[in-house]
Amino acid sequence: MAFVVKKTISGNDYYYLNENNRIDGKVKTKTIAYLGKVKKEAKKKAEEIIRKMDKEKKKKIIQIGRVGELEKVNISIDDMAAFCKRKGFVYPSAEIYGGMAGFWDYGPFGVEMKNNLKNDWWKFHVHGRDDIVGIDGSIITNPKVWKASGHEENFNDVLVICKKCKKLGKVDKHEIGKVKCINCNGEYDWGSVKEIEQMFKIKVGLDGFSYLRPETAQLIFTNFKFVQENARLKLPFGIAQIGKAFRNENAPRDFIFRDREIEQMEIEYIGDTNEKYPYKIGNTVILI
Ligand SMILES: [Zn+2]
């Protein structure tokens, strides 16, 4: 806090603006400005300087807040969701109709951030290399793909209720009848087992069906031969894809961390399993 002091030297009054600061636990006084010899003018000058100093201080606080280096704030995932909504990054999908669990809409800033991420990723991993090319496969494809990949049979959530704490648990198929509640170690009610398909089944045409793809990898595999020929690639090489995938989560939660509609950035790097290949990421080389 700054304050005005008067010093009398050889019968003359001199006014100064001083400030006390605590440095290493001790209060130290520093002269900020000389204010002249007249009390009234000195007061006016002092007020002006203090006003300017306050403005500078306020600016500093805002800058600190922006950089976020000096202030560590712990926020909950709900706070984060509220922040992202308020600032135009992510909204609950169709919130005016009550939204829908597991689905989100990206606002003006959210879509820019997402596009920047995707563009940078593509530039670095695809355009920046000779051994990786991209594809953009369709979201709905022949359901035989999902039969061959094992998704149709195995991509299910197995839900079961605990007899003791009544909480819903998730187990693997091969664990049925063999495991105990992870919450209270009680017995599961194996009669209540429910299997929920994680793939969204959809109608196609009059009586056809398929699924919304649950991952981006499969169309990379099905197009492998074409891509290798068209891009004239030799093993090892990679195929990249960015796109939407869908999972029928039983309990979507944690904001955008457990969704029913997601966007993936994926590379399948293909080589002879009997060999190790050096794979360069920036300046780092790993053996895969
Ligand atoms: Zn339990």
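# A guided tour, starting from Asn 250

Select Asn 250 to begin: this residue counts as partly exposed because 14 other C-beta atoms lie within 10 Å, where buried means 20 or more other C-beta atoms within 10 Å of a residue's own, exposed means 12 or fewer, and partly exposed is in between, with C-beta atoms placed from the backbone. The model is a predicted one, in which local features need pLDDT of at least 70 and side-chain atom pairs count only at pLDDT 80 or more, while totals for chains, interfaces and linings use all residues. Residue numbers start from 1 along each chain as its sequence is written.

**Around Asn 250**

Asn 250 sits in the loop between strand E12 (237–246) and strand E13 (261–270); strands (E, at least two residues) and helices (H or I, at least four residues) are DSSP runs numbered from the N terminus. Which residues does Asn 250 touch, leaving aside those up to four places away in sequence? Select Asp 157, Leu 159 and Ile 196 to see them, a contact being two C-beta atoms, placed from the backbone, within 7 Å. Ile 196 is 54 residues from Asn 250 along the chain, and the C-alpha atoms of the two are separated by 7.5 Å.

**Strands E7, E8 and E9**

Next select strand E7 (residues 156–162), which is joined to E9 by six bridges and runs antiparallel to it; two strands are said to pair if DSSP finds at least two bridges between them. Within this pairing, Asp 157 stands opposite Ile 196 in E9, and both Asp 157 and Ile 196 are touched by Asn 250. Strand E9 (residues 188–197) is hardly covered, with one buried residue among its ten. E7 also pairs with strand E8 (residues 168–171), in the antiparallel sense and over four bridges, and here Val 158 stands opposite Val 171 in E8. The hairpin of E7 and E8 has five residues between the strands, and Lys 166 in this hairpin takes a positive phi near 65°.

**The sheet of E1, E2 and E3**

Move now to the three strands that form an open sheet in the order E1-E2-E3, with antiparallel pairing. Strand E1 (2–9) and strand E3 (26–36) are at the edges and have a single partner strand each, so one side of each is left without a neighbour in the sheet. From one strand to the next the twist averages 40°. Nine bridges join strand E2 (residues 12–23) to E3, and Ile 23 can be found opposite Lys 26 in E3.

**The largest nonpolar core**

Select Tyr 15, Leu 17, Leu 35, Ala 42 and Ala 46, the five residues of the largest nonpolar core; such a core is a set of buried Ala, Val, Leu, Ile, Met, Phe, Trp, Tyr and Cys residues joined through C-beta atoms within 7 Å. E2 and helix H1 (39–67) are the elements that give two or more residues to this core. Tyr 15 touches, among others, Val 4, Leu 35 and Ala 42, not counting residues up to four places away in sequence.

**Helix H2 and the last hairpin**

Helix H2 (residues 77–86) is hardly covered, the count of buried residues among its ten being zero, and H2 is followed by Gly 88, whose phi is positive, near 85°. To finish, select strand E14 (residues 278–281) and strand E15 (residues 284–287), which pair in the antiparallel sense over four bridges, with Ile 286 in E15 as the bridge partner of Tyr 279. E14 and E15 form a hairpin with two residues between them, where Gly 282 in the turn has a positive phi of about 60°.

Terms used: Axes are lines fitted to C-alpha atoms, for helices over the stretch in contact, and angles run from 0 to 180 degrees between N-to-C directions.
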